[in-house]
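Reader: I'd like a close look at how the strands pair up in this one, please. Put the rest of the fold around that part too, so I can see where everything sits.

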Amino acid sequence: MPGFDADDEFLGQVTRRLEGWLTDDDAAVTAGLLRLQETAERDAPLVEIGVYCGKYLSLLMASANRTRSRVLGIDTFQFKDLASVTSGLTALMPDLISGLSLHAGSSRELTSESLLAMLGRPARFISVDGSHDYADVLHDLRLADAAVAAGGLVAVDDFLNPLTLGVNRAVNVFMESGPTLVGVACGPNKLYLARPTYAGFYREHLEQHLLTTPAGRGERFRTRLATWRGLVEQDFFDSPALLFTASH
Ligand SMILES: C[S@@+](CC[C@H](N)C(=O)[O-])C[C@H]1O[C@@H](n2cnc3c(N)ncnc32)[C@H](O)[C@@H]1O
C-alpha cells in the first residue's frame, strides 16, 4: 500500500507554476491523501468543479496517471478560456493531458445522474471549488455526496474563509442535512470529507503525517497537541475532524 507521500518535486515543478489558489499545506496534504487512496478505489475517476487554470487539478491529474484513471474538470471558463487552460496544462504536463476531459458549463446544469453518467462510475476524489454562492455550493456538495465512491474523498475549498460567506453557509446547511459524508480534516483553506467507514483511515494516516513532518504544519500540529488535543481534533457535526490550519 502506498504511504502518505507529499510529492514535493511535482508540487514545485508543476502545481506552483500554475495560476490559482492553493496553500502549500493543502497541496501537500491533498497529494498525500491522493497517494493513500490510490489502492482503495484504483480505477475510479477524479473530478474538480471549478478548474480555473488547473492548479489544484494538476494534483488530481498526477494521481490519476498512476492509477490509469480519468479526470473530469468542470468550469464555466468565464475567467480563463478553455483553449488557454488546456494549452497551459499541456505545456506543463504533456504526458498527463490525455487523461483529462474538460467540460465547459455550469455545474448547476448537472444532476447526480448526469454527472455519474459522464463519469461511468463513482469518483474517488471530488474537489468542490466552483461558484462560491450559497445555492450553487450547496448544489455542488449534493452532487459530490451522490457521486463520490465508498472510499473516496471530497475537498471543499474556502470553508472558513471570511471572504466566502456563501461557502460557509452551504457547508453548514449541507452537514446539518444528514449527508453520507463526515469530516476528516480541516486545513488552511480546505475541508476534507469522506464516507463514515473510510474517514478514520484517512484521519489516522493524516495524523501520522502531521506527527512526522519536520517543520511547518507538522511542528504546529505537535505544538498544539502538546498543549491540548482539543486544538488539533474537534467534533464536526458529530464526527471528529483533524485541524491543521496555519492561523491562530
Ligand atoms: C476559485 S476558482 C477555482 C480555483 C482552482 N480550483 C485552482 O486550483 O486554482 C473558481 C472557478 O469556478 C468557476 N465557476 C464559477 N461558477 C461556476 C459554476 N456554476 N460551475 C462551474 N464552474 C464555475 C470559475 O470560472 C472559476 O474558474
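**Strand pairing and its surroundings**

Author: Of the protein's 248 residues, 45% are buried, meaning that 20 or more other C-beta atoms lie within 10 Å of the residue's own; 12 or fewer makes it exposed, anything in between partly exposed, and C-beta atoms are placed from the backbone. Keep in mind that this is a predicted model: local features need pLDDT of at least 70 and side-chain atom pairs count only at pLDDT 80 or more, while totals for chains, interfaces and linings use all residues. Numbering starts from 1 along each chain, as its sequence is written.

Now the overall frame. There are 9 helices and 9 strands; these are DSSP runs, H or I over at least four residues for helices and E over at least two for strands, numbered from the N terminus. The C-alpha atoms fill a box of roughly 50 × 40 × 35 Å along the principal axes. The radius of gyration is 17 Å, which agrees with the value near 18 Å for a compact globule of 248 residues; that figure is taken over C-alpha atoms, and the globule rule is 2.2 Å times the number of residues to the power 0.38. Of the contacts between residues at least 6 apart in sequence, 74% join residues at least 24 apart, where a contact means C-beta atoms, placed from the backbone, within 7 Å of each other.

On to your strands. Two strands pair if DSSP finds at least two bridges between them. Start with β1 (residues 46-49), which runs parallel to β2 with 4 bridges joining them. Within that pair, Val47 has Leu72 of β2 as its bridge partner. Both faces of β1 are covered: Leu46 and Glu48 are buried on one side, Val47 and Ile49 on the other.

The other group centres on β6 (residues 182-186). In β6, 4 of the 5 residues are buried, so the strand is largely enclosed by the rest of the structure. β6 pairs with β7 (residues 190-194) over 4 bridges, in the antiparallel sense. The two make a hairpin, with 3 residues between them, and Val182 has Ala194 in β7 as its bridge partner. β6 also runs parallel to β9 (residues 240-243), joined by 2 bridges; there, Cys186 stands opposite Leu243.

Then the loops. Most residues other than glycine have a negative phi. Asp238, in the loop between β8 (233-235) and β9, is not a glycine but has a positive phi of about 75°. Asp238 counts as exposed, since 8 other C-beta atoms lie within 10 Å. Phe77 is found in the loop between β2 and α4 (82-92), and its phi is positive too, near 55°. Phe77 has 19 other C-beta atoms within 10 Å, so partly exposed is the label there.

β2 has a second job in this picture, around the ligand. The shell holds 21 residues, and the closest are Gly20, Gly50, Tyr56, Gly130 and Ser131; a residue is near if its C-beta atom, placed from the backbone, lies within 6 Å. β2 (71-75) and α3 (55-67) each supply at least two residues of that shell. By type, the shell has 8 nonpolar, 8 polar and 5 charged residues, with Ala, Val, Leu, Ile, Met, Phe, Trp, Tyr, Cys and Pro counted as nonpolar, Asp, Glu, Lys and Arg as charged, and the others, Gly among them, as polar.

Last, a few helices. In α2, 13 of the 14 residues are buried, so that helix is largely enclosed by the rest of the structure. Its end C-alpha atoms (residues 24-37) are 20 Å apart, in agreement with the expected 20 Å, the rule being 1.5 Å times one less than the number of residues. Helix α4 contains Thr86, which is partly exposed with 16 C-beta neighbours inside 10 Å. Helix α5 (residues 112-119) contains Ser112, also partly exposed, with 13 C-beta neighbours inside 10 Å. Outside its neighbours within four places in sequence, Ser112 is in contact with Leu143, Ala146 and Ala147.

Terms used: Contact = placed C-beta atoms within 7 Å.
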